[in-house]
Amino acid sequence: MKMTLSQALKEKNRIAHQLQQAMQLIREENSKDASLKRIVNVRKKLEETKGLVADLVRYKSAIAYGNGGILNEMAELSETKSLICGLRTIDTTIVNNYNSVLNIIRIRTVLTKADVLNEIDALQKRADELQDKIDAYNARNEIEV
């Protein structure tokens with residue numbers, strides 16, 4: 001079946017959600033008080049789940065193949081997002097503290113809060129550009145699933 005990468009990604013996510021729900025149902029129904037009725041046939045649900053796994057693998061493989069033209073952008077987007085997360089953890093607090101012998105300890109930062117926020121803003125703009133490029137690619141390129 002031929003579809004755009006965008007459509008394939010939506011279908012992959014739908015299958016992944018179904019798989020998650022099926023596994024949750026199997027976990028809940030597998031071990032029950034013998035006096036209670038099961039709402040599904042657990043063995044049958046497990047077989048259906050294996051089919052979902054096969055579908056998910058098929059979609060993931062086709063999507064990975066189809067993404068060949070934007071691998072650099074995808075890698076850059078991933079690393080840009082990681083850098084943004086890392087920047088959000090930088091302590092930019094300037095503190096004057098007192099230690100146990102009443103000496104003043106001055107903690108100074110190299111990067112101010114404004115510096116970090118400016119870096120994050122610039123990186124977020126780049127991430128948005130990359131995401132837009134990836135989205136456009138996904139909308140116009142078709143794959144066979």
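## Arg 126 and its partners

In this predicted model, Arg 126 is partly exposed, with a relative accessibility of 32%. Its side chain meets that of Glu 76 in a salt bridge, at 2.8 Å from N to O. Arg 126 sits in helix H4 and Glu 76 in helix H3 (residues 71–88), so this pair ties together parts that lie 50 residues apart in sequence. Glu 76 also counts as partly exposed, at 32% relative accessibility. The pairing does not stand alone: salt bridges with shared partners join Glu 76, Arg 126 and Glu 129 into one network.

## Pairs within a helix

Eight salt bridges are counted in the model. As a general reminder, side chains of opposite charge can pair when their charged atoms come close.

Two of these pairs are worth a look on your screen. Glu 11 forms a salt bridge with Arg 14, and their closest N and O atoms are 2.2 Å apart. Both residues belong to helix H1, where they are three residues apart, about one turn of the helix. Arg 14 is partly exposed, at 39% relative accessible area.

In helix H2 (residues 42–66), Asp 55 and Arg 58 are likewise three residues apart, which puts about one helical turn between them. They form a salt bridge whose closest N and O atoms are 3.0 Å apart. Asp 55 is partly exposed at 27% relative accessibility, and Arg 58 is partly exposed at 39%.

## Lys 12, a buried charge

Now to a lysine in helix H1, which spans residues 5–30. Is Lys 12 buried or exposed? Lys 12 is buried, yet it has no salt bridge. The nearest side chain of opposite charge is that of Glu 11, 11 Å away, whereas a salt bridge calls for a side-chain nitrogen within 4 Å of a carboxyl oxygen.

Which residues does Lys 12 touch, leaving aside its neighbours within four places in sequence? Its contacts are Leu 56, Tyr 59, Lys 60 and Ile 63.

## Where H1 meets H4

Two packed helices are described by the angle between their axes and the distance between the axes. For H1 and helix H4 (residues 113–140), the axes come within 5 Å and cross at roughly 95°. That crossing makes H1 roughly perpendicular to H4.

On the H1 side, the residues in contact are Leu 5, Ser 6 and Leu 9. They meet Asp 135, Tyr 137, Asn 138 and Ala 139 of H4. Sorted by character, the residues of this contact comprise four nonpolar, two polar and one charged.

Definitions and conventions
Residues are numbered from 1 along each chain as its sequence is written. This is a predicted model: local features need pLDDT of at least 70, side-chain atom pairs count only at pLDDT 80 or more; totals for chains, interfaces and linings use all residues. Side-chain values use heavy atoms; hydrogens and water are left out. Helices (H or I, at least four residues) and strands (E, at least two) are DSSP runs, numbered from the N terminus. Buried means under 20% relative accessible area, exposed over 50%, partly exposed in between (1.4 Å probe, protein chains only). Lys and Arg count as positive and Asp and Glu as negative; His and the chain ends are not counted. Contact means heavy atoms within 4.5 Å. Axes are lines fitted to C-alpha atoms, for helices over the stretch in contact, and angles run from 0 to 180 degrees between N-to-C directions. Angles under 35 degrees count as roughly parallel, over 145 as roughly antiparallel, 65 to 115 as roughly perpendicular and the rest as oblique. Ala, Val, Leu, Ile, Met, Phe, Trp, Tyr, Cys and Pro count as nonpolar, Asp, Glu, Lys and Arg as charged, and the others, Gly among them, as polar.
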